[in-house]
Amino acid sequence: MSEIVGEEYAPERREARVGTVSGLALMTGATAMAAVAGGQHSVFATILLALLALGMSHAFTVEIQRQAHRRTGRWGRHDLINTGLLAGWAAVSLSIAALPFPPPSIRVLSLLLTFSYAAAVVYFIAERHRTIAAPLPTPAPISESTSV
């Protein structure tokens, strides 16, 4: 006889991290820069670097979701640091876009990265506030008459 088991309350297993969000953001941008500014890359190498940057952007988005959906019940120091670092990468990308000497392809990519990092900040803040505002799940009562 099989029983339908409902979703039970599980304690938070994911700790707050700072380096993963910022590191993935930086690595995604750097890989995209290498694809665009490669110099003597073959078309194949450029396509592979672009696909790698696309995959890393997916990992970056998933990590933002993981960090934002932690059930701590409050806005913490790690959340503030993650937001500040992402905003800092947006500022750095904007400054690279504003410099007069990079080629147009680098300036356009820097501008695109600026908007992407700014969108990541807004997304992280919105998801974090939504998670904090949601009620905490109540633990399921443990039944003593469970059959194994």
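Of the 18 residues that make up the largest nonpolar core of this predicted model, Phe-60, Ile-64 and Leu-86 touch the most other members. The elements that each give two or more residues to this core are H1, H2, H3 and H4, and H4 gives the most, with seven residues. In soluble globular proteins, nonpolar side chains tend to be buried together. One of the central members, Ile-64, is in contact with Val-21, Ala-120, Tyr-123 and Phe-124, once its neighbours within four places in sequence are left aside.

**Overall architecture**

The protein chain has four helices and zero strands, and its pattern, read along the sequence, is α-α-α-α. Among contacts with a separation of 6 or more, 79% join residues that are 24 or more positions apart. Buried residues make up 26% of the 148 residues in the protein chain, while the accessible surface comes to about 9900 Å², of which 67% belongs to carbon and sulfur atoms.

**Helices H2 and H4**

Helix H4 covers residues 104-133, and its 30 residues reach 43 Å from the first C-alpha to the last, close to the 44 Å expected at 1.5 Å a residue. The buried residues of H4 include nonpolar ones such as Ile-106, Leu-109, Leu-113, Val-121 and Phe-124, and also Ser-110, Thr-114, Glu-127, Arg-128 and Thr-131. These buried residues of H4 pack against helix H1 (19-36), H2 and helix H3 (77-98).

Helix H2, which has 26 residues, reaches 37 Å between its first and last C-alpha, close to the 38 Å expected at 1.5 Å a residue. Its buried residues are Ala-53, Met-56, Phe-60, Glu-63, Ile-64, Gln-67 and Ala-68, and what covers them includes H1, H3 and H4.

Gly-84 lies in helix H3 and, at 41% relative accessibility, counts as partly exposed. The C-alpha atoms of Gly-84 and Val-121 are 8.4 Å apart in space, although the two residues are 37 residues apart in sequence.

**Salt bridges**

A search of the whole structure finds three salt bridges, which are listed here with the N to O distance of each pair.

| Salt bridge | N to O distance |
|---|---|
| Arg-70 with Asp-79 | 2.4 Å |
| Arg-128 with Asp-79 | 2.9 Å |
| Glu-127 with Arg-130 | 2.5 Å |

Arg-70, Asp-79 and Arg-128 are linked in a network of salt bridges. Asp-79 counts as buried because its relative accessibility is 1%, under the 20% that serves as the limit for burial. Arg-70 is likewise buried, with a relative accessible area of 5%, and Arg-128 is buried with a relative accessible area of 0%. The side chains of Arg-128 and Asp-79 meet in a salt bridge, and this pair links distant parts of the chain, with Arg-128 in helix H4 and Asp-79 in helix H3, 49 residues apart.

The salt bridge between Glu-127 and Arg-130 is set within one element, since both residues lie in helix H4, three residues apart, about one turn of the helix. The two partners fall into opposite classes of accessibility: Glu-127 counts as buried at 10% relative accessibility, whereas Arg-130 is exposed, with a relative accessible area of 53%.

**A nonpolar patch on the surface**

Nonpolar side chains are also found outside the buried set. Val-43, Phe-44, Ile-47, Leu-48, Leu-51 and Leu-54 form a nonpolar patch on the surface, and together these residues have about 640 Å² of accessible area. Leu-51, one of the members of the patch, is placed in helix H2, which covers residues 43-68. Leu-51 counts as exposed because its relative accessibility is 52%, and the limit for that class is over 50%. Helix H2 therefore carries the exposed Leu-51 as well as buried residues, among them Phe-60 and Ile-64, both of which are among the core members that touch the most others.

Conventions
Residues numbered from 1 in each chain as written. Predicted model: local features only at pLDDT ≥ 70, side-chain atom pairs only at ≥ 80, totals over all residues. Heavy atoms only, no water. Patch = residues over 30% accessible without salt bridge, like charges linked within 9 Å, V, L, I, M, F, W, Y side chains within 5 Å. Areas by Shrake-Rupley, 256 points an atom, 1.4 Å probe, with all protein chains shown as cover. Salt bridge = Lys/Arg side-chain N within 4 Å of Asp/Glu carboxyl O. Buried < 20%, exposed > 50% of the residue type's maximum accessible area, 1.4 Å probe, protein only. Contact = heavy atoms within 4.5 Å. Expected span 1.5 Å × (residues − 1). Core = buried A, V, L, I, M, F, W, Y, C linked by side-chain atoms within 4.5 Å.
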